[in-house]
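The following exercises ask the reader to work through a sheet and a ligand site step by step. Please examine the sequence and structure before attempting them.

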Amino acid sequence: MAQATPGATILELKDVSKRFGEFYANRGVNFDLRAGEVHCLCGENGAGKSTMMNMLYGLLEPTEGTISMDGAPVHIGGPRHAIDLGIGMVHQHFMLIPVFTVAENIVLADEPTQGMTLDIKAAEARVRELSDRYGLSVDPSARVQDITVGQQQRAEILKALYRRARILILDEPTAVLTPQEIEELLRVIGLLRDEGMSIIMITHKLKEVLSIADRISVLRRGEMVGTVPREGQTEASIANMMVGRDVLLKVDKTESIPERPVLTVQDLWVKDDRDLDAVRGASFEVHAGEIVGVAGIDGNGQEELVDAIAGLRPIQRGRITLDGEDITGLSPHEVSEAGLGHIPQDRHRRGMVLDFDLRENVMLHDWDKRDMVRFGIIDRAASAERAETLCDMYDVRSGGGIGSRAGSLSGGNQQKLVIAREIQRDPKLLIAAQPTRGVDIGAIEFIHRRLVEERDAGTAVLLVSLEMSEVLSLSDRIVVIFEGEIVAEFEGGRVDEQRLGMAMIGSGDGHSVPGQAGIGGALAGPEVEETPA
Amino acid sequence: MKEFVDVWILGLGLATLTYGTPLILAALGGLFSERSGIVNIALEGMMTAGAFFAIYVSVQTNSWFFGLIGAMLAGMVLAAVHAVATVTFHADQIVSGTAIILIAAGLVNFLNLTLFGSEGSPPDISSPWKVGPADFRVSVLVPLAFLAVAGTWFVIFRTPFGLRLRSVGEHPRAADTVGIDVARMRYTAVLVSGALAGLAGAFISFNVDSYTENMVAGNGFIALAALIFGKWKPVPVMMACLLFGFAQGLASRLGGVGWLPDAFQSPELLNALPYVITLIALAGFVGKAVPPAAVGKPYIKH
Ligand SMILES: Nc1ncnc2c1ncn2[C@@H]1O[C@H](COP(=O)(O)OP(=O)(O)OP(=O)(O)O)[C@@H](O)[C@H]1O
Ligand SMILES: [Mg+2]
């Protein structure tokens, strides 16, 4: 794969800057990548990590500075050129065509042919060969829209391998993966490094950094803070480098004081897009003043459950009430009016309009509200003021203030914007689905604190997360969802990762709690009561 | 019996092909364009230009073959305008298309008057070969159109070019990141679209060996409907075109049928038949027609 001697510098950035208008996304950045190393790049949301990688991949042109490969300066004119130079990139938001098959996506623009025709058999064979060799299992003939996010990512990595990349850039590859998939990915990265591949990996998860990195570089507000070897680093030391202060890595919260039930879900049945039962008879409650975490492996009905509560998906059977009001079958707008705040899992699809600016995104719910709209005309001043306040309070950083297009924000800042809008509405029930996906460590601390504050202010919080540690550290109560059923229930702080993990794969140690309405808050046993199904 | 076969089988079959062929050619043009992400409602205008220049060049060169080339070039010139506006300058594709339709109509009518005068084109002109058995003779463009269906299917679904073309219509950014030149792909597709639409226009005017004002008469829009009805796939699109062609053929024939109530014989009503069928077909049968994901959206690099 790589010909360079291990340890030699193969890629170097010298005094590289990138300006968008007046705003420097990167300023005077120095960086080097050695052959056969895993170099982790850390930094807060909006620090300029993706911008820096996009310059390496020819998608953006540096405003100043030079990029050199193997010691010689190069001008990377476009992705084609980057590919020819042996650079492969897995983008933060995947670059896959949903209606194409995996193999079609992988060979696109470098297709094997037979005469004039595209040789799809050869393409699939080649993909299979690569995927076997690196243990990146994915079905080459499956359509991308039908496979899991984890498989999509493997397809993205295969795309780079197929093009014989010797430098692999991974932009937040683990943000959307389940813990199992992350472990698998780290194994693959290790394997690639052993074969001589040089890897730049962006991540917000410091555990991963410590487990895989050879060296670590940190960006802060567009500038390079420094590059350090992994030896001797701790999560706290890297976090400090990133944020410039000590970060509280543990959630600090008091015992919850649950009050009246706000959300009750009774015997809920919901179908998924393929018309299969995704939620099968789930029942549970969330009380005012408590955080209930839904733990489960991706694809066990969490998405459908949340959609059903929010009115985004039809309900086959069952009943949902919000603060006493029956919201079964109401429209999303009606549910939202009834007091739901929803931080959706997929911020691009459900959370915001990427082509709207921040001001418009902040008032999406309020098209019919008196304080934002007068006589059918949007009150620009009022909405601008709200946007300013929220961006301020939630530290949403953008290149051009509240007039910035939401799509131009870095991933984490988009997330903060959605969270700000939903909490600001002062909901009775707040659903937070993957609230810290793709968010930096400082922001995670902040978001977690805000969720706890919401709880303390008497909001019922339903937290859905694939991140076991997040569920464990935030939840006052945890329900485990497996194949659409609530299979176990734990009291927060009284269960460890191991037992939770067992429950998540459907083989908990015998306790099954088909969440009868009412047991939730009352559940006082050490961990879990047994209840007949 | 013989009369029934003549009128209702052969006659209606011929009429279906006569009305359906230009629809097929134009719809295939639309297919190329939209598969690459560019809406081409200007098919109508490109057909008008093709109809005129087919006759004009044929008269000038005394060769129907050059007439066809002229028609395609005329369509491509308008297509180039559309491509420059929408691909390079990110103009709204509907606005650009509408402008081209209006420009084409005005310009062609003007040229028709200046070049041919009020008596129109000369009566005897070189016209494409007719092929087929004695009582079923059709223009050589008819089999050509069916070949074009097969060819389009092959190019779009079986070649690397087709894969890239579709990738650009689905997710131009993803295509860009693997090194595909999105703009170039879209230019190519729109130009092909213009050539096919020009050919479609040529069929219409060669069918009567003369150009008359507004002779394309909305067929460009029906072709677009067929494109949606056929879900952007060559063979279903062809079927849709034949259905619409059949409706037009039927309308032109029902006028002489004695047993129909008078009201149904009014030419106005009958002429509306193809459009009614189009509407019903689109509303009732299309179901979930999923267009190329990026169609209609300009691609702006950073
Ligand atoms: N095309 C653009 N136009 C204007 N500003 C931009 C553009 N692209 C990025 N920015 C700004 O540059 C800054 C850096 O963005 P970048 O995406 O590189 O951050 P990041 O470090 O990758 O963050 P995250 O961890 O959230 O992904 C952000 O403030 C962003 O708003
Ligand atoms: Mg980023």
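Three exercises with worked solutions follow.

This is a predicted model, in which local features need pLDDT of at least 70 and side-chain atom pairs count only at pLDDT 80 or more, while totals for chains, interfaces and linings use all residues. Residues are numbered from 1 along each chain as its sequence is written, chains are lettered from A and ligands numbered from 1 in the order in which they are written, and side-chain values use heavy atoms, with hydrogens and water left out.

**Exercise 1.** Determine the strand order of the open sheet in chain A and identify its edges.

*Solution.*
Step 1. Strands (E, at least two residues) and helices (H or I, at least four) are DSSP runs, numbered from the N terminus; two strands pair if DSSP finds at least two bridges between them.
Step 2. The open sheet of chain A has six strands in the order β6-β9-β10-β3-β11-β12, with mixed pairing.
Step 3. The edges are β6 (87-90) and β12 (223-229) of chain A; each has a single partner strand, so one side of each lacks a neighbour in the sheet.
Step 4. From one strand to the next, the twist averages 15°, where axes are lines fitted to C-alpha atoms and angles run from 0 to 180 degrees between N-to-C directions.

**Exercise 2.** Compare the pairing sense at the two edges of this sheet.

*Solution.*
Step 1. β6(A) pairs with β9 (residues 167-171) of chain A in the parallel sense, over four bridges. Within this pair, A:Ile169 in β9(A) is the bridge partner of A:Met89.
Step 2. Strand β11 (residues 215-220) of chain A and β12(A) run antiparallel and are joined by six bridges. Here A:Gly226 in β12(A) stands opposite A:Val218.
Step 3. The hairpin of β11(A) and β12(A) has two residues between the strands, and A:Arg221 takes a positive phi near 45° in this hairpin.

**Exercise 3.** Locate ligand 1 and describe its polar contacts.

*Solution.*
Step 1. Ligand 1 lies between chains A and B.
Step 2. Of the 21 residues around ligand 1, those that come nearest are A:Gly46, A:Lys49, A:Ser50, A:Thr51 and A:Ser410; a residue counts as around the ligand if one of its heavy atoms lies within 4 Å of it.
Step 3. Polar contacts are pairs of N or O atoms within 3.5 Å. Oxygen atoms of ligand 1 lie 2.9 Å from a side-chain N or O atom of A:Asn45, 2.8 Å from a polar backbone atom of A:Gly46 and 3.1 Å from a polar side-chain atom of A:Glu172.

Notes: A polar contact is a pair of N or O atoms within 3.5 Å; within protein, one must be able to donate a hydrogen and the other to accept it, and residues adjacent in sequence count only if both atoms are side-chain atoms.
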